[in-house]
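Work through the exercises below with the sequence and the 3D structure open. Try each task before you read its solution.

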Amino acid sequence: MIGFFKQKAPGNVAILFIFGLFIKLPLFFDPKPVVVDENTGELYQALVRFLSSGNAVFTSALAYALLYVQSMQFTYMINNYRMTNKSTYLPAMAYLMITSFLPEWNYLSPALVCNTFIIMAFVQLFQLYHQPDAKSKIFNIGLLLGMASFIFFPVVLFAIAILIGMLILRPFRLSELMLLLLGILPPFYFYAVYLFLADKLSTSDWIPQVNFNVPDMDDSLWKMGSIVLVGIPFVAGGYYIQSHLRKMLIQARKNWSIMLIYLLIAFLVPFTSQARAFDNWIMVLPPFAAFHACAYLFPPRKWLSTLLFVVTLAFIFAWQWYAYKGYF
């Protein structure tokens, strides 16, 4: 299976879709209702109202579609900007696999929807390297962040990662910083106009509240296993990236630095939300998937990557049987 995804063949798009569907079948056997919390924005609440009378299987299908699209977006980012020495579908495979470690990462949630916009923003960010006139792209990046924060406000923290990324890729220009901020504001501005016209404008309705909480971390052996299987390939991938860093283009080196900043900011997001579940931790998985892909691609001995794949897949199936055994 790894051999399929190491090749960039057009047919792998369909194989990846079927593979992802196969490891996420419990998503359709046990569909969950869509919920909101205090940090959920108006766009997501409107989506919930639209789906509230719909079929739960349709909600699960929408969640899988978002996961699949995000995996393809992230693969495009890794391949197009030469962050590895070979174009593959391993980032997409890794993303679909690690999102299968916990049920919370498969169901529709504000963080899952926001991941689509955040990945798109970083794709746009990587395009800024060596672009003399990037004002329109910087505004678009800000607009993507604004839409994401209007769905789930804590992701506004990613503006810090985008700003640092701009400083890494380009010389500092105050006008570009202002454009980024101006791009974030339109969703909130138009919502304020709507509230004003409806005579509902108030600070509490317009400006979301940010609360700092420590997410619940129970002592489940399955969740500890998930953490181990996320962490070990991440360390291995980081080692292989470091060993190949001198052979990479300058832009690729900078992009990997930005990926680490992406990961650091994503770790902060769950601590700024009222929700104490694991749903919001899906924000950290795209950069983890990039490092996991390198753990599959770079090992000199093929059996190492094969062993990692088999162990990960066995854990996913064992966890799914344990969590959903009433449905099989």
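**Exercise 1. Find which residues Phe-158 touches outside its local sequence, then place Phe-158 in the nonpolar core.**

Step 1. Skip the neighbours within four places in sequence. Phe-158 is then in contact with Ile-118, Phe-122, Leu-145, Tyr-262, Ile-265, Ala-266, Val-269 and Met-283. Contact means heavy atoms within 4.5 Å.

Step 2. Turn to the core. The largest nonpolar core has 101 residues, and Phe-122, Leu-125, Phe-158 and Met-259 touch the most other members. Helix H7 gives the most to this core, with 12 residues. Apart from this core lies another, of five residues, among them Phe-150, Phe-188, Tyr-191 and Leu-195. A nonpolar core is a set of buried Ala, Val, Leu, Ile, Met, Phe, Trp, Tyr and Cys residues joined through side-chain atoms within 4.5 Å. Buried means under 20% relative accessible area, exposed over 50%, and partly exposed in between (1.4 Å probe, protein chains only).

Step 3. Note the ground rules. The model is predicted: local features need pLDDT of at least 70, side-chain atom pairs count only at pLDDT 80 or more, and totals for chains, interfaces and linings use all residues. Residues are numbered from 1 along each chain as its sequence is written, and side-chain values use heavy atoms, with hydrogens and water left out.

**Exercise 2. Describe the protein as a whole.**

Step 1. Count the secondary structure. There are 16 helices and zero strands. Helices (H or I, at least four residues) and strands (E, at least two) are DSSP runs, numbered from the N terminus.

Step 2. Check burial. Of the 328 residues, 52% count as buried.

Step 3. Check contacts. Take those with a separation of 6 or more: residues 24 or more positions apart account for 80% of them.

Step 4. Check the surface. The protein exposes about 15,500 Å², and carbon and sulfur atoms supply 69% of it. Accessible areas come from the Shrake-Rupley method with a 1.4 Å probe; for residues, only the protein chains shown count as cover.

**Exercise 3. Analyse helix H14: its span, its buried residues and what covers them.**

Step 1. Take the span. H14 (residues 250-268) has 19 residues and reaches 28 Å from its first C-alpha to its last. That is close to the 27 Å expected at 1.5 Å a residue. The expected span is 1.5 Å times one less than the number of residues.

Step 2. List the buried residues. Among them are Gln-251, Asn-255, Trp-256, Met-259 and Tyr-262.

Step 3. Find the cover. It includes H5, H7 (110-126), H9 (158-169), H13 (221-244) and H15 (285-297).

**Exercise 4. Decide whether H6 is enclosed or open, and whether Arg-82 is buried or exposed.**

Step 1. Count within H6. Nine of its nine residues are buried, so H6 is largely enclosed by the rest of the structure. They include Leu-90, Pro-91, Tyr-95 and Ile-98.

Step 2. Step back to the loop. Arg-82 lies between helix H5 (56-80) and helix H6 (90-98). Arg-82 counts as exposed because its relative accessibility is 55%.

Step 3. Read the backbone. Phi of Arg-82 is near 50°, a positive value in a residue other than glycine.

**Exercise 5. Trace the salt bridges.**

Step 1. Count them. The structure holds two. A salt bridge is a side-chain nitrogen of Lys or Arg within 4 Å of a carboxyl oxygen of Asp or Glu.

Step 2. Identify the partners. Arg-170 pairs with Glu-176, the closest N and O atoms being 2.9 Å apart. Arg-173 also meets Glu-176 in a salt bridge, at 3.5 Å, N to O.

Step 3. Join them. Shared partners link Arg-170, Arg-173 and Glu-176 into one network.

Step 4. Check exposure. Arg-170 and Glu-176 are buried. Arg-173 counts as partly exposed because its relative accessibility is 36%.

**Exercise 6. Explain why Ala-295 counts as buried, and find its contacts.**

Step 1. Place the residue. Ala-295 lies in helix H15.

Step 2. Apply the cut-off. Its relative accessible area is 5%, so Ala-295 is buried.

Step 3. List the contacts. Beyond four places in sequence, Ala-295 touches Pro-233, Ala-236, Gly-237, Tyr-240, Ser-305 and Leu-308. The C-alpha atoms of Ala-295 and Ser-305 are separated by 6.9 Å.
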